[in-house]
Structure formats: C-alpha cells, structure tokens
Amino acid sequence: MSEFSHVSVLRNEAVEALKIFPGGVYLDGTAGGGGHSYEIASRLGAEGRLISLDRDEAAVAAASARLADFPNAEVVRANYENFDRVLDERGIALVDGILLDIGVSSPQIDEAERGFSYMHDGPLDMRMDRDESLSAADIIADYPADELTRIFREYGEERFAKRIADRIVREREKAPIGTTLQLAKIVEQAVPAAKKRDGHPAKRVFQALRIECNRELDILSNTVDRMIGRLAPGGRLAIITFHSLEDRIVKQAFRTQEDPCTCPPDFPVCVCGKVSAGRVVTRKPVVPTEEECKANPRAASAKLRVFEKKQQ
Ligand SMILES: C[S@@+](CC[C@H](N)C(=O)[O-])C[C@H]1O[C@@H](n2cnc3c(N)ncnc32)[C@H](O)[C@@H]1O
C-alpha cells in the first residue's frame, strides 16, 4: 500500500476551537492520517488522554504510526457512531472535547483499488470499512431505478439523476457493472453533451454512492446529540463537514441543543421543560482561507461548526 498522505483541513481552526487543556480527555471520531489527532495529543500534557477512532483499517494504521510518540493517545478501529461503547469500555464517563472531520481521506480517493474515484480504474467498492458487506457495486446492481434516482438527486445534487439511473438499469441488464470506469462511462453517456457542467458528471454520482454506501448522513444524524450528551461541562464538540446536507444536519442539531423549547411562541413561560444543553459557538461556520483552498483544493467545501456544553 502506498504511503498514507492526507492534509488536515482547518487544522488550526478546529484544534483551537476545542480549547484543549493539559490533563483533558479528548475524542477524535475520524482519525484519518492522524493530523488533527497529532495536534490534540501535542497539547495534552502527561495527564491528558486522547482516543482516536476510524472505521478504515488503513487509517487506523496510519494514525497509530503518527501518534506513536504519545503514550496517552490510543487509536481504535471503530465507527464513531459507536463512540459510547468505546468510552464505556475505557471507563470514561465524560470528555472535554470531541472532533469530527467527516468525509473521505485523500488515500481513500486516490487509491484505485478502494473504488472511490471515477478517474482511476478499480473495483466499484467505496466501503470505508471493508468488513461491511454493502459495496457501491451492490447498490448499482440491486437498487431499483427510483432509489438510485433519489440518492443521485439528494446526495449528489445531480439534475440528470433519473436519466442516469435509467441508463444504469438498462446497462446492468446486459452485463454487470463492476468497475469505476465502467460506471463513469455509463454516467457520461447518460448526460446530454450540451449539459455537462461543473466537470465530469460522474463526480456527483460517485459522491452520492459513497454517502449511501457508508450511511454517512444517518450516522451523523444519530450521533451529534449523543456526543453533546457525553461532553463535560464547558466541553466542546467541533465538526467539519464537506457537504451541504451534512452541514445542515449539524447546524440543526446544534440549534435544537441550544434551544430545545417546543412551547408555542406566544406562551409567556416555558412549560415543555426542555433545557438548553449549551451554546452554539459558531453563529456562522468557519471556512478555510483562500490560501488554504489554493494549497489544498479538497478543503474548498469545508465548514466547521462548534458547540459548547453549558457549565453546570
Ligand atoms: C477527512 S478524513 C479525517 C482526516 C483527519 N482529521 C486528519 O487530520 O488526518 C475522514 C476519516 O473519517 C473516517 N470516517 C468516516 N466516517 C466514519 C465513521 N462513521 N466512523 C469512523 N470513521 C469514519 C474515514 O475513514 C476517514 O479516514
């Protein structure tokens, strides 16, 4: 396997947002190459603790190597949706900060055999965790046309979603679609030549398949509230997203955690009894500087939002 090389996005901004103090306990839910984890670990002091998770075994190996000099940092292969279990197993009740930097790492995209890229030929895989059973090829082979249309439209914002889905269904009746370039070609043929905008049309379809294959939106929606629940007083949750649907989930969840009251607006006092968990630190998301985007074009769509648990 080639060297694991991923440039951390919004590295300083995200790590600063966590307000790390020596002796604190931190969780990085998406270790990747360990870039953010390294910055956290360097600020912990001897008494602090860092638990870093990733569902991808190549990332776990890379992050473990990167953090080898920090005895108080541990990398665990786990889906961040199961972070509760990982903390419970270690007897950790509350943490002082949590970071999520969701999406894919550069090696996942760049290594042809992972099947994430429409530019390199490889098996149509796209599983971040290769122990999971559902691959992108299974989705392409088995989903009915209207489900394919929905995911291309919702997760890829693809306006020719139906045409592409219908074309896939016709092609798969002739022969199985098992490789990335096979699919990229079918997508390209389905989109009218005059309407090709914003680069290769397969880009959006591949993004949609990746999100579906790895249940990325469901996992995020299921986890944000529980993560806030597990923060110590004053603790912070920082989340970097790369897709507008992800950002919307985070924005909405943070807003509801800040103001969960469900009483009608004309009630003079709150009777629903729901209490705020804390405050949204970032009214507007933090985005990368122009300089960062120039140096690393993959940072361009990143948005960082931060929530702070209230002091008791
Ligand atoms: C953008 S990279 C993280 C990069 C990292 N912050 C760094 O500085 O190197 C995203 C990582 O999150 C992992 N990931 C995505 N969804 C996950 C999930 N539900 N649970 C655990 N890891 C996940 C991916 O495997 C990938 O390695």
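Here are a few exercises on helix packing and on the ligand site, each with a worked solution.

Keep in mind that this is a predicted model, where local features need pLDDT of at least 70, side-chain atom pairs count only at pLDDT 80 or more, and totals for chains, interfaces and linings use all residues. Residues are numbered from 1 along each chain as its sequence is written, and side-chain values use heavy atoms, with hydrogens and water left out.

**Exercise 1.** Work out how helix H11 and helix H12 pack.

Step 1: Find the helices, which are DSSP runs of H or I, at least four residues, numbered from the N terminus. H11 covers residues 216–229 and H12 covers residues 244–258.

Step 2: Get the angle between the axes (lines fitted to C-alpha atoms over the stretch in contact, with angles from 0 to 180 degrees between N-to-C directions). For H11 and H12 the angle is about 25°, and the axes are 10 Å apart.

Step 3: Classify the angle: under 35 degrees is roughly parallel, over 145 roughly antiparallel, 65 to 115 roughly perpendicular, and the rest oblique. So H11 and H12 are roughly parallel to each other.

Step 4: List the contact (heavy atoms within 4.5 Å). Leu217, Leu220 and Val224 are among the H11 residues involved, and Ile249, Val250 and Phe254 are among those of H12.

Step 5: Sort by class, with Ala, Val, Leu, Ile, Met, Phe, Trp, Tyr, Cys and Pro as nonpolar, Asp, Glu, Lys and Arg as charged, and the others, Gly among them, as polar. The contact of H11 with H12 comes out at nine nonpolar, two polar and three charged residues.

**Exercise 2.** Do the same for helix H9 and helix H10.

Step 1: H9 (residues 180–190) and H10 (residues 202–213) pack at about 125°, their axes 9 Å apart. That makes H9 oblique to H10.

Step 2: On the H9 side we've got Thr180, Leu183, Ala184 and Val187, which meet Ala202, Val205, Phe206 and Leu209 in H10. These split into seven nonpolar, one polar and no charged.

**Exercise 3.** Which residues come nearest to the ligand?

Step 1: Gather the residues near the ligand (a heavy atom within 4 Å of it). There are 24 residues around the ligand, and Ser8, His36, Asp54, Tyr80 and Asp101 come nearest.

Step 2: Look for polar contacts (pairs of N or O atoms within 3.5 Å). An N or O atom in the Asp54 side chain sits 2.7 Å from a ligand oxygen atom. With Tyr80, a backbone N or O atom lies 2.8 Å from a ligand nitrogen atom. The side chain of Asp101 has an N or O atom 2.7 Å from a nitrogen atom of the ligand.

Terms used. Helix = DSSP H or I, 4+ residues; strand = E, 2+ residues; numbered from the N terminus. Polar contact = N/O pair within 3.5 Å; in protein donor to acceptor, adjacent residues only side chain to side chain.
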